[in-house]
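Open your viewer, switch on a cartoon view and keep the selection tool handy. We will walk through a few stops together.

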Amino acid sequence: MSAQDQIRETVEKNDVVLFMKGTKTMPQCGFSSRVAGVLNYMGIEYTDVNVLADAEIRQGIKDFSDWPTIPQLYVKGEFVGGCDIVTEMTLSGELDTLLSENGIAFNKEAADKIREANG
Ligand SMILES: N[C@@H](CCC(=O)N[C@@H](CS)C(=O)NCC(=O)O)C(=O)O
């Protein structure tokens with residue numbers, strides 16, 4: 001299967017996917033660590049894809065989204081953004097809305113705590 005087919009299948013079969021450097025339990029880059037940390041803290045179930053394990057996926061995900069960097073978050077097959085966008089969306093409450101609209105469970109109190117701590 002080509003890298004593009006593999007990526008498409010992954011984002012179609014899993015509600016929330018984070019393409020990242022390292023894993024959700026052992027991130028290997030500060031940007032990936034920040035996004036995984038938010039998702040972990042908010043108790044969101046997600047699939048992590050370590051792009052450092054596969055050079056074709058690392059390049060392929062940039063081509064797939066036409067976005068030059070990693071991490072990349074997908075919800076229900078749609079590209080959401082990287083670290084800056086996910087951080088902004090967390091602080092503005094837009095991420096809560098997006099998750100709710102897509103029926104993705106998350107811990108609202110934890111999301112509120114992130115906002116309180118960064119408000
Ligand atoms: N501003 C970016 C920061 C992410 C970033 O700069 N990632 C770099 C360094 S980890 C990257 O993916 N470079 C391409 C690569 O390593 O393949 C964001 O919001 O996600």
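In which sense do β1 and β3 pair, and over how many bridges? Select β1 (16–20) and β3 (72–75): they pair in the antiparallel sense, over four bridges. Helices (H or I, at least four residues) and strands (E, at least two) are DSSP runs numbered from the N terminus, and two strands pair if DSSP finds at least two bridges between them.

A word on the model before moving on: it is predicted, with local features needing pLDDT of at least 70 and side-chain atom pairs counting only at pLDDT 80 or more, while totals for chains, interfaces and linings use all residues. Residues are numbered from 1 along each chain as its sequence is written, and side-chain values use heavy atoms, leaving out hydrogens and water.

**Stop one: strand β3**

Show the side chains of β3. Gln72 and Tyr74 point one way, Leu73 and Val75 the other, and all are buried (under 20% relative accessible area with a 1.4 Å probe, protein chains only; exposed is over 50%, partly exposed in between). In a regular strand, side chains alternate between the two faces of the sheet. Now pick Tyr74: Val17 stands opposite Tyr74, and so does Phe79 in β4.

Add β4 (78–81) to the selection. β3 and β4 pair in the antiparallel sense over three bridges. Their hairpin has two residues between the strands, and Lys76 there takes a positive phi near 50°.

**Stop two: helix α3**

Select residues 55–65, where Ile57, Gly60, Ile61 and Ser65 are buried. Look down the axis: these buried residues fall within an arc of 115°, so they line one face of the helix. The arc is taken from the directions from the helix axis to the C-beta atoms. On the other side, Ala55 and Glu56 are exposed.

What covers the buried face? Contacts (heavy atoms within 4.5 Å) include α1, β1, β2, β3 and β4. At the N-terminal end, Asp54 is the cap, with a side-chain oxygen 2.9 Å from the backbone nitrogen of Glu56. Just after the helix, Asp66 takes a positive phi of about 55°.

**Stop three: helix α2**

Select residues 30–41. Ser32, Val35, Ala36, Val38 and Leu39 are the buried residues of α2. They cover an arc of only 155° around the axis, which puts them on the same side of α2. Their cover includes β1, β3, α4, α5 and α6. Finish at Gly43, just after α2, with a positive phi of about 70°.

Notes:
Polar contact = N/O pair within 3.5 Å; in protein donor to acceptor, adjacent residues only side chain to side chain. Expected span 1.5 Å × (residues − 1).
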